[in-house]
Amino acid sequence: MNERGFFSIVGLCLLLVITLSIMAIQETEKNYSYLASDFQEEFELQSIAERGLFEAAKKIQNNPALVPDAPEMYANRRERQYPVSVSQPSKADRFKNISVEVYGENGNIHSEDSPAVTDDISKIVSDLYGKEDERGIILISVASGENNAGVKKFRRALAYILKKDDYKKIYFMDTLLSGK
């Protein structure tokens, strides 16, 4: 009789351990599915932001006057960034409202990667590599969307196009696309 009670308690404890293990596995899988869903949403927004850059670069290539020089060299940032109209993406399964905004800014482009950020970086780059800063347009694209849970998400993409290339070649900065 005592042996049956002991084995019953051990069996119940074993059943409890198995149940807790299964619940932990289910919770881990649920967290993984949330992470995968978030990644898909963010990847979709990132792609929309990069698509906006391509469209804006094409428009600027056809009409560079869309992004004129700043009114004065030391104007504030809002006076130097000009909106470039791009087509808005249609609705997607993961988002209720999607929009993309692209801004362009005329300026000097530092095209060398350098850990040294100082006031005379142009001189450092020129001395080391024999390259001067090049005129071009920096493009900033921001895609935003409200997912089905009502959370607003943003993704951005940065690129520049150079005047010497007739604005035909787009160089991405810090993005999913690698290279030029």
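Start by selecting Val-10, which you'll find in helix H1, the helix covering residues 2-62. Keep in mind as you click around that this is a predicted model. Val-10 has a relative accessibility of 38%, so it counts as partly exposed. Now add Phe-6 and Phe-7 to the selection: together with Val-10 they make a nonpolar surface patch of about 320 Å².

**Along helix H1**

Next, pick Glu-27 and Lys-30. The two form a salt bridge, and their closest N and O atoms are 3.6 Å apart. Why do they sit about one helical turn apart? Because Glu-27 and Lys-30 are three residues apart in helix H1. Glu-27 is partly exposed at 40% relative accessible area, and Lys-30 is partly exposed as well, at 38%.

Move on to Phe-43, still in helix H1. This one has a relative accessibility of 42%, so it counts as partly exposed. Show Arg-155 too and draw a distance between the C-alpha atoms: you should get 8.6 Å, although Phe-43 and Arg-155 are 112 residues apart in sequence.

**A shared lysine**

Now select Lys-153 and Asp-38. Their side chains meet in a salt bridge, 3.2 Å from N to O. This pair links distant parts of the chain, with Asp-38 in helix H1 and Lys-153 in strand E4 (residues 152-162), 115 residues apart. Is Lys-153 buried or exposed? At 13% relative accessibility it counts as buried, because the cut-off for buried is under 20%. Asp-38, on the other hand, is partly exposed at 31%.

Keep Lys-153 on screen and add Glu-41. Here is another salt bridge between side chains, 2.8 Å from N to O. Lys-153 is in strand E4 and Glu-41 in helix H1, so this pair ties together parts that are 112 residues apart in sequence. Both Lys-153 and Glu-41 are buried. Show the three residues together: Asp-38, Glu-41 and Lys-153 are joined into one network by salt bridges that share partners. How many salt bridges does a search of the whole structure find? Five.

**Over to the sheet**

Switch to a cartoon view and colour the strands. They form an open sheet of five, in the order E1-E2-E3-E4-E5, with antiparallel pairing. Which strands stand at the edges? Strand E1 (81-84) and strand E5 (170-173); each has a single partner strand, so one side of each is left without a neighbour in the sheet. Going from one strand to the next, the twist averages 30 degrees.

Zoom in on E1 and E2. These two run antiparallel and are joined by four bridges. For one place to look, select Tyr-82, whose bridge partner in E2 is Gly-104. As a general point, strands of a sheet pair through backbone hydrogen bonds, in either a parallel or an antiparallel way.

**Last stop: Lys-96**

Stay with strand E2, which covers residues 95-109, and click on Lys-96. Its relative accessible area is 38%, so Lys-96 is partly exposed. What is Lys-96 in contact with, leaving aside its neighbours within four places in sequence? Select Lys-91, Glu-146, Asn-147, Asn-148 and Gly-150 to see them. Finish with Asn-148: its C-alpha atom and that of Lys-96 are separated by 6.4 Å, while the two residues are 52 apart along the chain.

Definitions and conventions
Residues numbered from 1 in each chain as written. Predicted model: local features only at pLDDT ≥ 70, side-chain atom pairs only at ≥ 80, totals over all residues. Heavy atoms only, no water. Buried < 20%, exposed > 50% of the residue type's maximum accessible area, 1.4 Å probe, protein only. Contact = heavy atoms within 4.5 Å. Patch = residues over 30% accessible without salt bridge, like charges linked within 9 Å, V, L, I, M, F, W, Y side chains within 5 Å. Areas by Shrake-Rupley, 256 points an atom, 1.4 Å probe, with all protein chains shown as cover. Salt bridge = Lys/Arg side-chain N within 4 Å of Asp/Glu carboxyl O. Pairing = 2+ DSSP bridges. Axes fitted to C-alpha atoms, helices over the stretch in contact; angles between N-to-C directions.
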